[in-house]
Amino acid sequence: MGQKTPQIYSVELNGAKDMKQTDKGDDKDKYRGLWSTCLELRKNHHKEHVTKEIDLDDHKLSNKELENKYHTNIVTGLSSTQAAELLARDGPNALSPPQETPEIIKFLKQMVGGFSILLWVGAILCWIAYGIQFSNDKSSSLDNVYLGTVLALVVILTGIFAYYQEAKSTNIMASFSKMIPQQALVIRDSEKKIIPAEQLVVGDIVEIKGGDQIPADIRLLFAQGCKVDNSSLTGESEPQPRSCEFTHDNPLETKNIGFYSTTCLEGTATGMVINTGDRTIIGHIASLASGVGNEKTPIATEIEHFVHIVAGVAISIGVLFFIIAVSMKYRVLDSIIFLIGIIVANVPEGLLATVTVTLSLTAKRMAKKNCLVKNLEAVETLGSTSIICSDKTGTLTQNRMTVAHLWFDNQIFMADTSEDHFKQTFDQSSGTWASLSKIITLCNRAEFRPGQERVPIMKRVVVGDASETALLKFSEVVLGDVMEIRKRNHKVAEIPFNSTNKFQLSIHKTDDPTDKRFLMVMKGAPEKILEKCSTIMVNGQEQPLDQSTAEAFYTAYMELGGLGERVLGFCHLYLSADEFPETYSFDVDAMNFPMSNLCFVGLLSMIDPPRSTVPDAITKCRSAGIKVIMVTGDHPITAKAIAKSVGIISANSETVEDIAKRLNIAVEQVNKQDAKAVVVTGMELKDMSEDQLDEVLTSYPEIVFARTSPQQKLIIVEGCQRQDAVVAVTGDGVNDSPALKKADIGIAMGIAGSDAAKNAADMVLLDDNFASIVTGVEEGRLIFDNLKKTIAYTLTKNIAELCPFLIYIIVGVPLPLGTITILFIDLGTDIVPSIALAYEKAESDIMNRKPRHKKKDRLVNKPLAVYSYLHIGLMQSLGAFLVYFTVYAQEGFRPSTLINLRVEWEKDFVNNLEDSYGQEWTRYQRKYLEWTGYTAFFIGIMIQQIADLIIRKTRKNSIFQQGLFRNKVIWVGIASQIIIALILSYGLGSITALNFTMLRPQYWFVAVPHAFLIWVYDEVRKLFIRLYPGSWWDKNMYY
Amino acid sequence: MTKKDKKSFQQSLAEWKLFLYNPTTGAFLGRTAKSWGLILLFYLVFYGFLAALFTFTMWVMLQTLNDEVPKYRDQISSPGLTVFPKPVTALEYSFSVSKRESYEGYIEDLKKFLKPYTAEAQKNLRNCQDGALFEQKGPVYEACQFPLALLEACSGESDPEFGYSKGHPCILVKMNRIIGLKPQGKPAIECTGNSKGENTTTLPVYPSEGNIDLKYFPYYGKKLHASYLQPLVAVQFNYTASSTPKEVTVECKIVGSKNLKNYDDRDKFLGRVAFKITMRA
């Protein structure tokens, strides 16, 4: 900005000129990015359109030229036939909806993620294995077919579940976008008609009035007091005045163009439609969003990484044992079956379902806290977020003007700007306040819509512009029934605001029956008001306006302006009853009343105040190591002021400019290292190279981007992503949608947000409250920790399920654990417990640590895999083998007999296999014993998985610190494990297809000492981690 | 994904090399010598402990076992039937009467199987009383004689070729050993033959009526009852050999005892056995 930025920023009530002054320099550049992007986009996406220039000069043309260009007539409008032709040529005036992914594609997408691929490969391998077996031996067991089918079923069912979950949140979204068909008042065939806005065509003459949405891009032909809200396009919360004069070369800045989808706040206007549908500015921005690729969610990356680990382990073990099997003289075909068996045994069948359920549980929990997650995987993304690029208007602020400060009696008073409880606590005893309040009340044209007596004042609907609304609400709160006061002080004359006067004036009879004087009240741009005054009111007494009071006024004016607030001055004059008797007729055109030597009463400043929950939320983000960057289209001064008041720029940090001002030196002389904060404008950003932007992003902890275009928002997001940051972007306007899409997680506002924003976002804040993001971060971090626990829990028993097969191959014992039994662990006993871990509370304050590093803090890291596979997994296998050997030994087969018994054991025609005691067993008797062995091994794993579940509650703290009973769901999980095992062993003991038998009760307890050992071992591990942080132990054992 | 994320081949090769051996830190496969030492030491101790623990628990488990009798015998409450000669691949015997080499293996197998039953081998065994269980209290457990003569034509004494050369082959049927099994009633083996297109006929069995004498029960286990001889029943094939191959399915089962089951849905060898004989001239 440099010198072009005035030191204070103020906009008069209906001011028109200084706005332009403020940003004359940078506005041209502000939108250049957008236009060039649109062009580029066209180049990329529609090559055939490259030559077609965007029509930029409609604002420069005279009415006559316009008429010729669009073959229309300003008075009579288009003819119906003309309009019909144009409609057929250009299509309806509506944004083409973002390309909806067909439901079937969405559905299929759920089944091809990283995890699903693993399961599909497993399933196909199973079927291949069966094919090999079948071609060898027609009577081979169908186990592999079952396994393959179950794997496929798991993928499909989980896919259906995830699809259903996401469809549900999409439905919630849909209910939010209230689609009211828009109407437009158009002149056609010389008649005024109301038609659906969709049927507008280029050349139509439309009339708009306050409250209407502008139905297309229009060139204004006539305007009266027209103001539009461009915030959804540019992020400016100030109403923008519109007129029919050509004021700026840039079509986006000139006052004679109104944009599709923006709202006309007040006044009336007539305009000619110059662009419709997708050819409008908003249409271009919307298409910008669809050109931006979606980023892969961090959790998807993590799961992919996890799949790589599992696949790596599976294939290495598989190949190793393939080589061993071949060298042990197994037939190659059998060895291939083993290889496939080992690979498939490594697939964690239940994990896909568990992760999906866990994520959707969290999504549900977040939805309760007003964070609606559109994409399940985005649940975690917020947790790993390290930078939040937040929009200002509507997200950080309330998006409504509110009185923030008052200045009278040489003193600045603060007004309460919070959303709901509106209790003004400043000193109201002064006589000056009595006068000031009267001016505020009377010199105001805004009114409440009738019939809102029960609605809280702050929520009532007001007819009038933003500033007047703010003043009306303010006085209603402080003084009570404003309408009644106005009634008592009858208005006899009024000059509404116009841009030449820059003030508003009204003359009233007073409610004091003894006082026959008229009261003239006036408000307007402070310096203009002060010019008209010769006295100033201090403590209720009029005093001459001397040099020192004028200085005090300017200091206050500067101070309030420096806060980014819109400042208004107020003055009044009691007209002497002699000169102006009761019957005096005021003529506002002739101005037959004094316009100088008035009495200055005070200043009042307004701002779109921050939401009251935001500063706290920002503090929390900061302590959670998350950098909050403000990116707004608004003015730097307002942006900085809001940033300061919400804590994005903390109280004691300064920008380079601040330091320069404090030390009274040139900006160039300031040591940039001293500045913690920086405000970068769109214009500065435009001149920055990628490296310079990176430098800004890394060297300043507190950053505000102001006057940015949608394209620049994208550049900022990309810059952050280059720092390996996980970037969250919040926004509500159409202008935010490209950045929302580009971000790792786009967060749209549910209430204020436009459909385009919601479509591009991954998450929707139903209450538009920035503080909800903090909740989301917390949940996201918790789910990451808990997923770690779930995966560790699930991986552990994988080894216990794999070892039996390996021992079977190498040592030749009867198979200790069958395929179907494994499925009953993975998809039976283990499911509820692993989901239960999602309910685990955080071990320490997760909001006090840094966000995880995308590339360093992995979901599944080496210590996790090693500890699960080689420590607990192995201990578990030993415990389960103990149960297995016990069962066989007590039935007659001692361990020594079992070794290398495999071949004889499995021969179908050997029906007199001798055990260690000389008894002879038929094939079926052996088979039954084998199933008993499966059941025993199963129970062994199950009992130890209970211990595994308990130890996985924490990664660092002792279980006793965490509390055994705090997470009740864990106990539901344990109960489910035991009950499922009981049913399988005793309830379905006679169903041979499932390979379960009734197991003697005492065998259930054989593995219990091992379970305790696992617990004790893990407690020791955690103890050492706590005792020696950073030590060798910590590095190798903490996952 | 942007181009930046894709590593060039050379870059990843360099990364691998660095992983294999990093000269600056002296790390080999991502760990320094000291780190490797520590980790190996840790696993040595840890796995040593686990191995010791497993050995100990297995030892404790083995202490709960009895050397003579298994703790539980519930899974083999009723014996299965098995046949000799020992089938090679499936329960099918196929030979040609005129070709000695086609049945020589069967004869050898039978001879081998009957070796413990020779008079010489049995001379130390006791001549028990017929028709009653031979329950013993120990400490020395005796076994009863099973004179080969009981098998008559299939004893191998009168016909060392067990009838194979004459077209009347013998198959031996025996009941699986089960410790402590005490058959009730008068158990016997009954065999029927079924040839395609002919009526089912009862095949001749030796000893007469396929009797299994109760004196051979109960069995006291390999350790206590080392010299135990299982009672046998021989079934002789009495079809005449013709030029066309004769295919007969033979089914033998235990009858005459309440506690010896001869039918189970899933176990086709529990108290019964079926096999096929294909005989050519």
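## Working through a predicted two-chain model

The largest nonpolar core in this structure has 219 residues, and A:Phe770 and B:Phe275 are the ones with the most contacts inside it. Keep in mind that the model is predicted.

**Exercise 1.** Find which helix gives the largest share of this core, and list what A:Phe770 is in contact with once its neighbours within four places in sequence are left aside.

*Solution.* Start with the helix: H30 (residues 862-891) of chain A supplies the largest share, 16 residues. Next, take A:Phe770 and skip its neighbours within four places in sequence. Its contacts are then A:Ile388, A:Ser390, A:Thr395, A:Leu396, A:Val614, A:Ala617, A:Ile618, A:Cys621, A:Val628 and A:Leu765. Finally, don't miss the second, separate core: it has 31 residues, including A:Val656, A:Phe705, A:Val717 and A:Val729.

**Exercise 2.** Work out which residues of helix H4 (residues 80-90) of chain A are buried and why they line one face.

*Solution.* First pick out residues under 20% relative accessible area: in H4(A) these are A:Ala83, A:Leu86 and A:Asp90. Now look down the helix axis: the buried residues fall within an arc of 65 degrees, so they line one face of H4(A). Then check the other side, where A:Thr81, A:Glu85 and A:Ala88 are exposed. As for what sits over the buried residues, the cover includes strand E1 (183-188) of chain A. Last, step past the end of the helix: A:Gly91 follows H4(A) and has a positive phi, near 85 degrees.

**Exercise 3.** Describe how strands E17 (residues 533-538) and E18 (residues 541-544) of chain A pair.

*Solution.* Get the sense first: E17(A) and E18(A) are antiparallel, with 4 bridges. For the register, A:Thr535 stands opposite A:Pro544 in E18(A). Then go to the turn of the hairpin, where 2 residues lie between the strands and A:Asn539 takes a positive phi near 50 degrees.

**Exercise 4.** Take the spans that UniProt lists as "transmembrane region", including residues 112-133 and 931-950 of chain A and residues 38-62 of chain B, and check them against the model.

*Solution.* Both lists come from unreviewed UniProt entries. Residues 112-133 of chain A are 91% helix and 0% strand, with end C-alpha atoms 28 Å apart. For residues 931-950 of chain A the figures are 100% helix, 0% strand and 29 Å. Over in chain B, residues 38-62 are 100% helix and 0% strand, and the end C-alpha atoms are 36 Å apart.

**Exercise 5.** Say how chain B is divided into domains.

*Solution.* Domain 1 covers 12-64 and domain 2 covers 81-279. Their C-alpha centres lie 58 Å apart.

How values were computed: Residues are numbered from 1 along each chain as its sequence is written. Chains are lettered from A and ligands numbered from 1 in the order in which they are written. This is a predicted model: local features need pLDDT of at least 70, side-chain atom pairs count only at pLDDT 80 or more; totals for chains, interfaces and linings use all residues. Side-chain values use heavy atoms; hydrogens and water are left out. UniProt positions are given in the numbering used here, feature names are shortened, and annotations may be inferred rather than shown by experiment. Two strands pair if DSSP finds at least two bridges between them. Domain bounds come from an automatic or database domain assignment. Buried means under 20% relative accessible area, exposed over 50%, partly exposed in between (1.4 Å probe, protein chains only). The arc is that of the directions from the helix axis to the C-beta atoms. Contact means heavy atoms within 4.5 Å. A nonpolar core is a set of buried Ala, Val, Leu, Ile, Met, Phe, Trp, Tyr and Cys residues joined through side-chain atoms within 4.5 Å.
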